[in-house]
Amino acid sequence: MIQLKNIDKYYDAKFQRTFVLKGVNLDIEQGEFVSIMGPSGAGKSTLLNIIGFLDEPSQGEYLFLGDPANQLKEKQKVQYHRSHIGFIFQAFHLIDEMNVYENIETPLVYRGVKSKERKAMVADMLDRFNMVAKKDLFPSQLSGGQQQLVAIARAIVGSPKLLLADEPTGNLHSEQGEMIMKLLKKLNDEGMTIIQVTHSKENAQYGNRIITLKDGYVKEEN
Ligand SMILES: Nc1ncnc2c1ncn2[C@@H]1O[C@H](COP(=O)(O)OP(=O)(O)OP(=O)(O)O)[C@@H](O)[C@H]1O
Ligand SMILES: [Mg+2]
């Protein structure tokens with residue numbers, strides 16, 4: 001599903017080039033549940049953003065479903081991102097002007113799901129995350145953990161082929177965190193490919209494979 005070949009990502013400042021990713025090779029098959037670990041600043045979010053078409057590598061090749069990403073038009077990338085990928089951001093990225101209900105509904109609108117179906121799907125998510133009573137509130141009126149739950153609901157509501165989750169449980173109480181990890185496991189069992197970034201060894205174990213990023217290099221652990 002995902003093939004990264006010799007990916008570099010660097011930023012150029014006046015007199016120096018700083019590498020965030022260096023010679024990253026990675027193959028991820030459909031149906032896998034991969035955990036990416038590594039210290040702060042190791043490039044985990046950068047890698048996830050590249051996989052989700054939100055950032056581009058400086059060098060190297062990225063193939064998504066066999067298609068070379070650098071040859072896709074901007075429009076196709078947006079289309080891919082919207083129709084195949086659910087993204088849980090490290091910093092939520094909820095839309096401040098939309099309430100909980102509308103935030104969760106957004107990806108379904110982009111995908112052209114009919115209004116009646118949307119209603120049922122969003123209601124199911126609100127129910128699952130115990131957020132029915134909060135559905136009319138705006139992100140600024142929610143706690144960090146509640147915002148995270150909304151972000152998770154938004155990412156999975158359309159059952160994407162690929163879920164990219166950047167520390168999905170970072171702001172949650174351990175019990176809620178466990179609930180989310182079990183939910184991700186279930187979605188993976190049902191066929192969703194998942195790549196999560198996590199600092200927790202315990203959460204990493206929910207996946208079938210752990211990848212550690214350090215100084216821009218990938219180290220596979222099994
Ligand atoms: N636009 C940018 N310009 C320069 N450097 C950048 C830019 N964006 C990211 N970086 C650098 O890339 C490195 C990797 O950042 P990234 O967010 O991928 O780390 P991370 O592994 O996700 O860390 P954390 O665990 O803290 O979330 C950091 O050192 C960061 O400063
Ligand atoms: Mg990060």
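How many of the eight residues of α1 are buried? Six of them are, so α1 is largely enclosed by the rest of the structure. Keep in mind throughout this tour that the structure on the screen is a predicted model.

**Helix α1 and its end**

Select α1 and colour its buried positions, which are Lys44, Thr46, Leu47, Leu48, Ile50 and Ile51. Then step just past the helix to Phe53, where phi takes a positive value of about 65°.

**Ligand 1**

With α1 still displayed, add ligand 1, because the helix, which spans residues 44–51, supplies three residues to the shell around the ligand, the largest share of that shell. The shell counts 13 residues in total, and those that come nearest to ligand 1 are Ser40, Gly41, Lys44, Ser45 and Thr46. Sorted by class, the residues around ligand 1 are seven polar, four nonpolar and two charged.

Three side chains deserve a distance label here. The side chain of Lys44 places an N or O atom 2.7 Å from an oxygen atom of ligand 1, and for the side chain of Thr46 the corresponding distance to a ligand oxygen is 2.5 Å. The side chain of Gln90 likewise has an N or O atom 2.8 Å from an oxygen atom of ligand 1. If you now switch on a surface, note that ligand 1 on its own has 640 Å² of accessible area, of which the protein covers 58%.

**Ile85 in strand β6**

Move next to Ile85, which lies in strand β6, residues 85–88. Is Ile85 buried or exposed? With a relative accessible area of 4%, Ile85 falls under the 20% limit and is therefore buried. Display its surroundings, leaving out neighbours within four places in sequence, and you will find Ile85 in contact with Ile51, Gly52, Phe53, Phe64, Tyr80, Arg111, Pro160, Leu162 and Leu164. One of these partners, Pro160, is 75 residues from Ile85 in sequence, yet their C-alpha atoms are 5.2 Å apart in space.

**The nonpolar cores**

In soluble globular proteins, nonpolar side chains tend to be buried together. To look at this here, select Ile104, Phe129, Leu163 and Leu184, the residues with the most contacts inside the largest nonpolar core, which has 33 residues. The elements giving two or more residues to this core are the helices α3 (100–110), α4 (115–128), α5 (144–156) and α6 (174–189), together with strand β7 (162–166). Of these, α5 gives the most, with seven residues.

Centre the view on Ile104 and, again setting aside neighbours within four places in sequence, show its contacts with Val122, Met125, Leu126, Val150, Ala153, Arg154 and Val157. A second core, separate from this one, has 31 residues, including Leu21, Ala42, Phe89 and the Ile85 visited above.

**Gln196 in strand β8**

Select Gln196, which is found in strand β8, residues 193–197. Its relative accessibility is 0%, so Gln196 counts as buried. What does its side chain reach? It comes to 3.0 Å from the backbone oxygen of Asn203, and a polar contact, also of 3.0 Å, joins the side chains of Gln196 and Ser35.

Beyond residues up to four places away in sequence, Gln196 touches Phe33, Val34, Ser35, Ile36, Ala165, Pro168, Met181, Asn203 and Ala204. A C-alpha to C-alpha line from Gln196 to Met37 spans 8.7 Å, although the two residues are 159 residues apart along the chain.

**Two loop residues with positive phi**

Finish in the loops, with Leu65 and then Asn130. Leu65 lies in the loop between β4 (59–64) and β5 (67–68), and its phi is positive, at about 50°, although Leu65 is not a glycine. With a relative accessible area of 32%, Leu65 is partly exposed.

For the last stop, select Asn130, in the loop between α4 and α5. Asn130 has a positive phi near 55°, and is again a residue other than glycine. Its relative accessible area of 72% is over the 50% limit, and Asn130 is therefore exposed.

Technical notes. Residues are numbered from 1 along each chain as its sequence is written. Chains are lettered from A and ligands numbered from 1 in the order in which they are written. This is a predicted model: local features need pLDDT of at least 70, side-chain atom pairs count only at pLDDT 80 or more; totals for chains, interfaces and linings use all residues. Side-chain values use heavy atoms; hydrogens and water are left out. A residue is near a molecule or strand if one of its heavy atoms lies within 4 Å of it. A polar contact is a pair of N or O atoms within 3.5 Å; within protein, one must be able to donate a hydrogen and the other to accept it, and residues adjacent in sequence count only if both atoms are side-chain atoms. Accessible areas come from the Shrake-Rupley method with a 1.4 Å probe; for residues, only the protein chains shown count as cover. Helices (H or I, at least four residues) and strands (E, at least two) are DSSP runs, numbered from the N terminus. Ala, Val, Leu, Ile, Met, Phe, Trp, Tyr, Cys and Pro count as nonpolar, Asp, Glu, Lys and Arg as charged, and the others, Gly among them, as polar. A nonpolar core is a set of buried Ala, Val, Leu, Ile, Met, Phe, Trp, Tyr and Cys residues joined through side-chain atoms within 4.5 Å. Buried means under 20% relative accessible area, exposed over 50%, partly exposed in between (1.4 Å probe, protein chains only). Contact means heavy atoms within 4.5 Å.
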